[in-house]
Amino acid sequence: MTSNTNNSNYSNGNTNISSLLDRDGGDTNSGNVDFIFNSNQRLSITQQRIALPIYQYRKHLLYLLETNQTVVVVGNTGCGKTTQIPQYLHESGWTDGYRTIAITQPRRVAAISVASRVATEMNEELGHTVGYSVRFDEKVSAEHTRIKYMTDGMLIREMMLDPLLSKYPVVMIDEAHERSLATDVLLGLVKKVQGRRKDLKIIISSATMDAELFKQFFNNNITNDKSKDTAAIISIEGTNYPVDVHYLEQPTLNYLDTTLNTVIDIHNLQPPGDILVFLTGQEEIDKMVSSIQDRVDAQQQQQKGNKMKVNVLPMYSGLSINKQIRVFEKSGDPRKIRKIVVATNIAETSITIDGIVYVVDSGFVKIKSYNPTSGLESLVVVPTSQSSADQRAGRAGRNRAGKCYRLYTQDAFTKLPVHSIPEIQRSNLAPIILQLKALGIDNILHFDFISPAPTISLVRALEVLYGLGALNDNGQLTQPTGHIMAEFPVDPSFSKMIIQSEVLGCSKEVLSIAAMLNVQGIFTNHNHKARREFIVKEGDHLSLLNIYNAYTSKSSNGKTSAGPWCHEHQINHKAMQRVVQVRKQLEAYCHKYSIKVVSCLTNAAIKDATIPIRKSIISGFFTNAAHLQPDGSYMTIRDKHKLFMHPTSVLCSLANSPEWVLFHDVTITTKEYMKDITIIDPKWLYEMAPHFYVYEK
DNA sequence: GAGCACTGC
């Protein structure tokens, strides 16, 4: 992880919110166009661009793109690839004839911020020559936009309208080494397009370790003659400083104790410089933050250790924006106060914190895992991969030479997997299989994924899609149901439930429930207090609807009382605003496909309005039905999996446990818990999913 | 009576 140390373009210490965004292009520090060199000399935009490491490779890169179909660009954050390559292509004629370069990003903030940065560099308004396209937000001009930043999910969606990507002479897939689900799908898709469009150029931006994998995936040369390769790799030297990596001599039994001791040792023995600690989750991090603070306080009271003050801060995505921003603020004079940030993996990929000199790596990460047999997704703590560990270490070398303390032995490091398991190998594949079907990919089992999706996950996904009525007996997309389901920007279970709700006359209510379930972090306290204040005895889905309706009665028609109302009921206002936005988008899709938005509450013919709503939910989530057992637990009907009711469910407060329930999802902690649960009549299962449940007397 | 890594359409 060492690289050249003789570059001089380190920036000054200003930090602001734009540091939230982990971008290359030299702006990781100030986000302003004018960033300041150590000589305090302000440079013109042109001078800044020329100073970026990638500039020296400009000609070579353009040459490789002329002579290859695919170019893999390897370069650290900071080398300028994301902001500069599209401009080089634009300047050298690739966008002539009203053509556009597409650059995909795994995250929406990144797409927007890079587009904004590049527009500024080109002295243009955003949305003219340079634009972006992300969910809920788009700034592009059909006529003028030549460089378009977008999320990878958005480009997949565009392919439904234009399968050959005919607008684009070049597609650049950025941050491909992160191997997100959407990136992996996109890699397979663009390779397929390249087979039909020899003129389509692909640029993959990747970290060092994966470059060869990407090259081989796109290389069409079947001979041994390397001069006939159709893919090439170019390495850009980065701007990172060397990082000294330290390992434990003996493995630790308790990585949390070792983390605490290591942080205190660094603080007492090492020169000024901020510390970044990698742990696995919220609870762990909050505890560690107070332990570190307590230890430092204690030793200062005894007048021992380092007299420097500390500013210990947590960082994880569940934190409110205001608290997240504190991580990027200067703590004060770095000689007098040391900032210690305790973070999840969010600090490995999504954000860059300035001024970090020491990294403490626990060696663990919490990731999503999927069990195709039970169909359940859960979160598990696992050791990191080598590339992940190197990425973490690199966070210490952004401003000057740094140190990384790995809380495991060097031997253990060599035994770690080189790469993390790509998301596609640990996810429920039903949503992406449906999208691929809609893109005309018939033989899913033979789709060319860069890393193969597990066959059992594929089979399970096909089975669920068939059960939902999206695929017919021949595995083809049904008309119009399957096509409509693929278009909706939610998982197929949700789109099925929405389509069904029109038939049952309750689409207005079901849209609200779908939107509520699609937004995270609605409740601001642990026990979900508001659920009980808005309890509906049939269960959580209807209680969520009740909360949504109560919220909109406060927020609609220009009323301004929604904020205080949210605060009073311990509901996250930002999350509710997003619910409204998601619901609006879903309703727009309903109008597009002539799905009537009707209410069952105003329909006098419906005696119990909760019944059509609950039946609609079953039509999408019929796999998640469970039956009460004598010991108070539940057993899934499908594969006899033992589950418990989560204490935040409103059904927990009932005197008697309901016999039959439907749950939205499962979380595995001390036990396996069902979350968002609704009481059902088992007869409805046969009614709504006859192909899945057979009636037995 | 528990507590949720990170994203995206």
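Two strands count as paired when DSSP finds at least two bridges between them. With that in hand, take strand 1, residues 70–75, and strand 8: six bridges join these two, and the pairing is parallel. One point to find on the screen is V72, which stands opposite I233 of strand 8. Please keep in mind that this is a predicted model.

Strands 1 and 8 belong to the first sheet I want to go through. This sheet is open, has eight strands in the order 4-3-5-2-6-7-1-8, and its pairing is mixed. At the edges are strand 4, residues 137–139, and strand 8, residues 231–236, each of them paired on one side only. On average, and ignoring direction, neighbouring strands here are turned by 20° against each other.

Now the helices on this sheet. Helix 4, residues 108–121, packs on the sheet and touches strand 2, strand 3, strand 4 and strand 5. The direction of helix 4 makes about 170° with that of strand 3. Helix 5, residues 152–161, lies across strand 2, strand 3, strand 5 and strand 6, and runs at about 105° to strand 5.

Next, the other sheet. What is the strand order in the open sheet of six strands? The order is 9-16-13-10-12-11, and the pairing is parallel. Strand 9, residues 243–248, and strand 11 are the edge strands, each pairing on one side only. The average turn between neighbouring strands in this sheet is 15°, again with direction ignored.

Within this sheet, strand 13, residues 356–361, is joined to strand 16, residues 402–409, by four bridges, and the two run parallel. V360 stands opposite Y405 of strand 16. Helix 12, residues 386–394, packs on the sheet, with contacts to strand 9, strand 10, strand 13 and strand 16, and its direction is at about 145° to that of strand 16. Helix 8, residues 255–269, lies across strand 9, strand 10, strand 11, strand 12, strand 13 and strand 16, at about 155° to strand 16.

Strand 12 deserves a slide of its own. On one side, strand 10, residues 274–278, runs parallel to strand 12 and is joined to it by four bridges; F278 has A343 as its bridge partner. Strand 11, residues 309–315, also runs parallel to strand 12, with seven bridges between them, and M315 stands opposite A343. Strand 11, helix 10 (residues 321–326) and strand 12 together make a right-handed β-α-β unit.

Why is strand 12 described as largely enclosed by the rest of the structure? Seven of its seven residues, 337–343, are buried, so the description follows. Both faces are covered: I337, K339, V341 and A343 are buried on one side, and R338, I340 and V342 on the other.

Two shorter items to finish. Helix 6 has 16 residues, 181–196, and at 1.5 Å a residue it should span 22 Å; its end C-alpha atoms are 24 Å apart, which agrees. Its buried residues include L181, D184, L187 and Q194.

Last, R49, which is found in helix 1, residues 45–51. Is R49 buried or exposed? Its relative accessible area is 14%, and the cut-off for buried is under 20%, so R49 counts as buried. Its side chain makes a polar contact of 2.6 Å with the side chain of Q84. Leaving out residues up to four places away in sequence, R49 touches Y55, Q84, Q87, Y88, E91 and E121.

Key. Residues numbered from 1 in each chain as written. Chains lettered and ligands numbered in written order. Predicted model: local features only at pLDDT ≥ 70, side-chain atom pairs only at ≥ 80, totals over all residues. Heavy atoms only, no water. Expected span 1.5 Å × (residues − 1). Buried < 20%, exposed > 50% of the residue type's maximum accessible area, 1.4 Å probe, protein only. Right-handed = clockwise from strand over helix to strand, strands pointing away. Polar contact = N/O pair within 3.5 Å; in protein donor to acceptor, adjacent residues only side chain to side chain. Contact = heavy atoms within 4.5 Å. Axes fitted to C-alpha atoms, helices over the stretch in contact; angles between N-to-C directions.
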